[in-house]
Amino acid sequence: MATAASTESINSDQRQLCKEFASITGTDVSLAEYYLREKEWQLEAAVNFYFDGSDSAGGGSHGNNYDDGDLDHASMSPSGSGSSRSTTPDLVVTYESGVPVDYSHVGNGCESTEVETPGMDPTMLSLLTWNIDGLDERNITERTKAVCTTIKSHLPDIVYLQEVIPETFAYIETLCSPTYVAIPGNSLGYFTAVLVKKSRITLMDHSIEPFSTSQMMRNILSVKARFSNHNLVLITSHLESTKEHATERKKQLGIVFQEMCVADPRSTVIFGGDTNLRDKEIMDIGGFPAEIRDIWQMCGSPSDAQYSWDISKNDNLDWRFKNKPRCRFDRLFFRDSNETSKLLPQTFRFVGMERLASCGRFPSDHWGILCQFKVQ
């Protein structure tokens, strides 16, 4: 692999690659040359490395140690062609008269022993969304266990997860099954999942809608449920990664907005996930529909819970450069119901910000977002 210390002159093709890299990333040709040399002049790998800190491309010398957005999408596809067609998860969730299937048998031998707290406020609902970086194989068991520990510590009523892989889904489902029902968005590659607390949420239905033009197997996982007397539509997704896929990502965002707008008006709709969005991209598609609001903004735009992907504070990625990007990739969107009784967001904060004593790393390269809602 070429290194940044190389002093070799570059040819005209390499110079053109530098210009293309600079155009895509908004940087300059000097920085472009640095990244391109690091990735042996593979433009896509260099761009992914710049935005996502991945060091898995450029010869494959690091095996499957992937980070967000830097994937061999063809190899992850069921057909090997990068197709985003829907696949049927191995775990099939079924419902009888609105009562969730009892998965408690899955957790035989599980460490979790939580029971519902009798004094839990019936007017409060909590939701956690988190990209758990299942594509990074380093310390994967320790980090996934830490995710489960965080879930069991806060006991959110609803959990949205992104970058789940089959192995981590099985682990999470097992450790959390006495308390939660887990619904996967796929069973291949990497995917999203929704967990709902059995004692507080009644599941009614769920659906998986693939983004037909995604190159990264992205989809929408939507769950219909009830909390007390409130109808809920719970939606999670992981939108297309990296700046060069902004057009597809904006298209996917439009589909998410459409799903939220057309949902039953009697339902409260909560979207959460790793959107990979830049603020300008929201404006590029005309801004938020009138019905939809950003929950971070609804909670007062807390500055200590703004950048969920923050290289200046989270060093899980092998980031060897002076620039320390901070991005508000993980977001929560809200559409109110037309019912008299409202379920409205109250607090918005990060979790997963403690290093693991066993490995010195964080549970993920993203912070998780924990949000509380109150019936009003």
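The legends below describe close-up views of a predicted model. Residues are numbered from 1 along each chain as its sequence is written, and side-chain values use heavy atoms, with hydrogens and water left out. Because the model is predicted, local features need pLDDT of at least 70 and side-chain atom pairs count only at pLDDT 80 or more, whereas totals for chains, interfaces and linings use all residues.

**View 1. Confidence along the chain.** The protein averages a pLDDT (the predictor's confidence in each residue, from 0 to 100) of 82, and 79% of the residues score at least 70. Over residues 1–7 the pLDDT is below 50, and this stretch has 13 contacts (heavy atoms within 4.5 Å) in the model beyond near neighbours in sequence. Residues 53–118 also have a pLDDT below 50, with 148 contacts in the model beyond near neighbours in sequence.

**View 2. Helix H7 and its surroundings.** Helices (H or I, at least four residues) and strands (E, at least two) are DSSP runs, numbered from the N terminus. The 17 residues of H7 (residues 246–262) should span 24 Å, taking 1.5 Å times one less than the number of residues, and the end C-alpha atoms are 24 Å apart, which agrees. Among the buried residues of H7 (under 20% relative accessible area, with a 1.4 Å probe and protein chains only) are Ala246, Leu253, Phe257 and Met260. Their cover includes strands S8 (219–227), S9 (230–238) and S10 (267–274), together with helix H8 (279–284).

**View 3. Arg249 within H7.** Arg249 is found in helix H7 and is buried, with a relative accessible area of 0%. Not counting residues up to four places away in sequence, Arg249 touches ten residues named here in part, including Glu240, Thr242, Asn276 and Glu281. The C-alpha atoms of Arg249 and Phe211, 38 residues apart along the chain, are separated by 9.9 Å.

**View 4. The six-stranded sheet.** This open sheet has the order S5-S6-S4-S3-S16-S15, with mixed pairing (two strands pair if DSSP finds at least two bridges between them). Strands S5 (180–184) and S15 (343–351) stand at the edges, each with a single partner strand, so one side of each is left without a neighbour in the sheet. Strand S3 (residues 124–131) pairs with strand S16 (residues 368–375) in the antiparallel sense over six bridges, and Met124 stands opposite Lys374 in S16.

**View 5. The largest nonpolar core.** A nonpolar core is a set of buried Ala, Val, Leu, Ile, Met, Phe, Trp, Tyr and Cys residues joined through side-chain atoms within 4.5 Å. Of the 31 residues in the largest one, Ile158, Ile295 and Phe373 touch the most other members, and S8 gives the most to this core, with four residues.

Terms used:
Buried means under 20% relative accessible area, exposed over 50%, partly exposed in between (1.4 Å probe, protein chains only).
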